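I opened the notebook to look up one helix, two buried side chains and a set of charged pairs, and I wrote each entry as I went.

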Amino acid sequence: MNDITRGGQFLVKETKCENVFTPEDFSEEQIMMRDSVQEFVDKEIWANKDRFEKKDYAFTEEMMRKAGEMGFLSVAVPEAYGGMGMGFVDTCLVCDYISGATGSFSTAFGAHTGIGTMPITLYGTEEQKKKYVPKLASGEWFGAYCLTEPGAGSDANSGKTKAVLSEDGTHYKITGQKMWISNAGFCSLFIVFARIEDDKNITGFIVENDPSNGITMNEEEHKLGIRASSTRQVFFSDTKVPVENMLAARGEGFKIAMNALNVGRIKLAAACLDAQRRVTSNAINYANERIQFNTPISQFGAIRYKLAEMATSAYAGESATYRAAKDIENRIKIREAEGASHQEAELKGVEEFAIECSILKVAVSEDVQNCADEGIQIYGGMGFSEDTPMESAWRDARIARIYEGTNEINRMLSVGMLIKKAMKGHVDLLGPAMKVQEELMGIPSFDTPDYSELFSEEKEMVAKLKKAFLMVAGAAVQKYGMDLDAHQQLLMAAADMLIEIYMAESTVLRTEKLAKKVGEEKATEQIAMAKLYLYKAVDVVSQKGKESIISFAEGDEQRMMLMGLRRFTKYTNMPNIVGLRETITAKLVAENSYCF
C-alpha cells in the first residue's frame, strides 16, 4: 500500500512513464466499446445535430432511450443492479466519445448517469439500489439532481429547501424551489437536497417525479447553448417522501453532493475531449478546402498556428484525463482487494484524487472553449453561421466552465485540498518545500547536463516547475497560514501553476511511453506536441509565480524568490516553437483530421 500513488503526490514524487495509463494502452475490449459509441453518435446524434439546435427536447429523450437500449447508460452500474459493472476508465471512455457531437445530449447523458444515478449506487441502501438502479441503468427511468437554488449556487450548503417529518414519522414533506435542473422535463426521479430543522448540513432524498405529489415546474429555460437539454425550475410543495427514501444519513447531503461532484468533474473533462477532436477535425477539413489567394488556407502560417494549438490542447487533455482515470481505477481495485464494498471503494478512490478531478475540470473546459473559438475563426464568416457546426460547439462549450462547480471554485479547491492533504500528512509538501528553500540559498550548478536522451531536459523542466510551485505556495502558507483562504487571487495563481504542471507532466509521460513503444521516428508529432505544451506551461508558471511573489513578498525575500523563479523556469536549450507547430500541423493537414 505504501508505494501506491496518492492524490496530489504527483507534485512531490517523480512518476515514471511506465506507471501512467495512456489512450495508447486501451485494451481490445475498450477499443470495441469506443468504436460502438462512436458509431452510435455519428449515426444518431451528429447526423441530427440540427434537431438539437432547434430545441427538440423529445428527440433528446428519444436518443437517451436508445443509449439505454445499447447499454451505454449502465457502464458504471454494478452488475448486481442490472449494469455492466465496468471499470472507471471504461466509464470515462464512454463519457468521452458519447459527448462529442452536441452538448445537449452530453448534458442529458452526464446528468443522468453521473449525478442522477450515481448518488444511489454510491450511497443508497440495498433496498434503494434494487428498487431504482436497474430502471435507471436500462433507460426505462431517467434521473435528475436538485441541488442548486436561486440563493444557493456555489455555496451549495446554504439551500433553503425544507424537509419536515410528518407527525406519524412515516414520511418527510419537502418544500422549496430548485433551479437549473437538467433532465427535469423527462425525468422519473429526482435526487433532492433539503434541510431538516436547523441542521448545519443538508440531507439527500430520492423523490419520484409525481406531479400529483406537490411537484410543479416552470417552462424550459432559454439558454446560450445546450439548447435541447431540458433545464427547468422545479418547485416542491409539501411533497411527501417516505422516510426510507432518505439517502445516506441525516445531514450527509453536503458530503453526497461534494463526492458526486468529484466524479462529475473528471467525467466533465472526459466529456470535453471528443468535442475538441471533432472541432479540430472539422477545422482541418475546412482549412484544406477553403481557397484564398489561390492557396488552401491550411497552408498559411496564421492558420497552421491555430491547428497546432488546438490539437496540442486536445492531446494534453486526453493524456491527463486517462492518467487520472486509471489512478482512480487502481485505487478502487486496491480498496476492493482489502475487503471494502464497491460503494466504499469507489467513493474513497475518487475522493483520493479529488485534486486531479478539479484540475482536469478547469483545464479541459477552458481548452474546449478556446478550441471552438479558434474553430470559428478558421471558418471565418462561415463560422458565425448556424449552417456550420462551429457556432453551436462554441455555445455548448461555454457551460462547461460553470457547472460541476465553477472554474473559480475548482481552482481554489485544488490548492485548498492539497494544503489540507499536507496538513493531514497524506502528501509531504513541507519537506520538499524546505529543500527548495535550501537549494535557493546554495550555489547553483553550472555544469552542462547531458540531455541526449529523449525528454531528459523536459522532465527536468517539469521537476523545476514543481519546485517553483513549492517555493511560491510554501512561502504563501508560511505567511498566511490558515488565512490563505482569504487571499483568493493568490490561490487562483497557485492553482494555475498546479494545473499546468499536472497537464504538462501527463503529456510528456504519455509521449515518452509512446516513443519507447513505437520508436521516436513514429512519434515525431506527439513529441512536438509534448514540447509545445510544456513550453507554454513554463510561461504560465513563470507569469503566475511572478504575480504572486511580487504581491506578497518584499525586499530580500522577494528578490530571492524571483531569482529562484527565473532559475526554475529556465531552459538550457530553448525549443523552436514555430518549428514544433509546423511539425504538428503538417501531419494534421496531411491526414485531414485530428489523428493522434
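The entries below follow the order in which I looked things up.

**Entry on helix H6**

I kept in mind throughout that this is a predicted model. I began with helix H6, which covers residues 126-138 and has 13 residues. From its first C-alpha to its last I read a reach of 18 Å, which is close to the 18 Å expected at 1.5 Å a residue. I then looked for a bend and found a kink of about 35° at Tyr 132, shortly before the proline Pro 134.

Which residues of H6 are buried? I listed Gln 128, Lys 129, Tyr 132, Val 133, Leu 136 and Ala 137, so the residue at the kink, Tyr 132, is among the buried ones. I noted beside this list that an α-helix has 3.6 residues a turn, so residues three or four places apart point the same way.

The partners came next: the buried residues of H6 pack against helices H5 (103-123) and H10 (342-352), and also against the strands S1 (143-146), S4 (189-196), S5 (203-208) and S8 (246-247). After the helix comes Gly 139, for which I noted a positive phi, near 85°.

**Entry on a salt bridge from H6**

Staying with H6, I looked up Lys 131, whose side chain meets that of Glu 208 in a salt bridge at 3.7 Å, N to O. This pair links distant parts of the chain, since Glu 208 lies in strand S5 and Lys 131 in helix H6, 77 residues apart. Lys 131 has a relative accessible area of 46% and is therefore partly exposed, and Glu 208, at 32%, also counts as partly exposed.

**Entry on Lys 464**

I turned to helix H15 (residues 456-480), where Lys 464 is found. What is the nearest side chain of opposite charge to Lys 464, and how far away is it? It is Glu 460, at 4.6 Å, and Lys 464 is buried yet has no salt bridge. Because a salt bridge needs the nitrogen within 4 Å of a carboxyl oxygen, I did not enter this pair as one. Not counting residues up to four places away in sequence, Lys 464 touches Arg 567, Phe 568 and Lys 570.

**Entry on Val 436**

Phe 568 came up again when I looked at Val 436: leaving aside neighbours within four places in sequence, Val 436 is in contact with Lys 467, Leu 470, Met 471 and Phe 568. Val 436 sits in helix H14 (residues 430-441) and counts as buried because its relative accessibility is 3%. I also checked Ile 549, which is 113 residues from Val 436 in sequence and 15 Å from it in space, C-alpha to C-alpha.

**Entry on other charged pairs**

A search of the whole structure gave me 45 salt bridges. One that I looked up joins Arg 411 and Glu 366, with the closest N and O atoms 2.9 Å apart. The pair links helix H13 (residues 407-424), which holds Arg 411, to helix H11 (residues 354-379), which holds Glu 366, across 45 residues of sequence. Arg 411 is buried, with a relative accessible area of 10%, whereas Glu 366, at 24%, counts as partly exposed.

I also recorded a salt bridge between Lys 255 and Glu 252 at 3.8 Å, N to O. Lys 255 is partly exposed at 43%, and Glu 252 is partly exposed at 27%.

My last note concerns a network of salt bridges that links Glu 24, Asp 42, Asp 96, Asp 274, Arg 277, Arg 278, Glu 318 and Arg 510.

Notes. Residues are numbered from 1 along each chain as its sequence is written. This is a predicted model: local features need pLDDT of at least 70, side-chain atom pairs count only at pLDDT 80 or more; totals for chains, interfaces and linings use all residues. Side-chain values use heavy atoms; hydrogens and water are left out. Helices (H or I, at least four residues) and strands (E, at least two) are DSSP runs, numbered from the N terminus. The expected span of a helix is 1.5 Å times one less than its number of residues. The bend at a residue is the angle between axes fitted to the seven residues ending there and the seven starting there. Buried means under 20% relative accessible area, exposed over 50%, partly exposed in between (1.4 Å probe, protein chains only). Contact means heavy atoms within 4.5 Å. Lys and Arg count as positive and Asp and Glu as negative; His and the chain ends are not counted.
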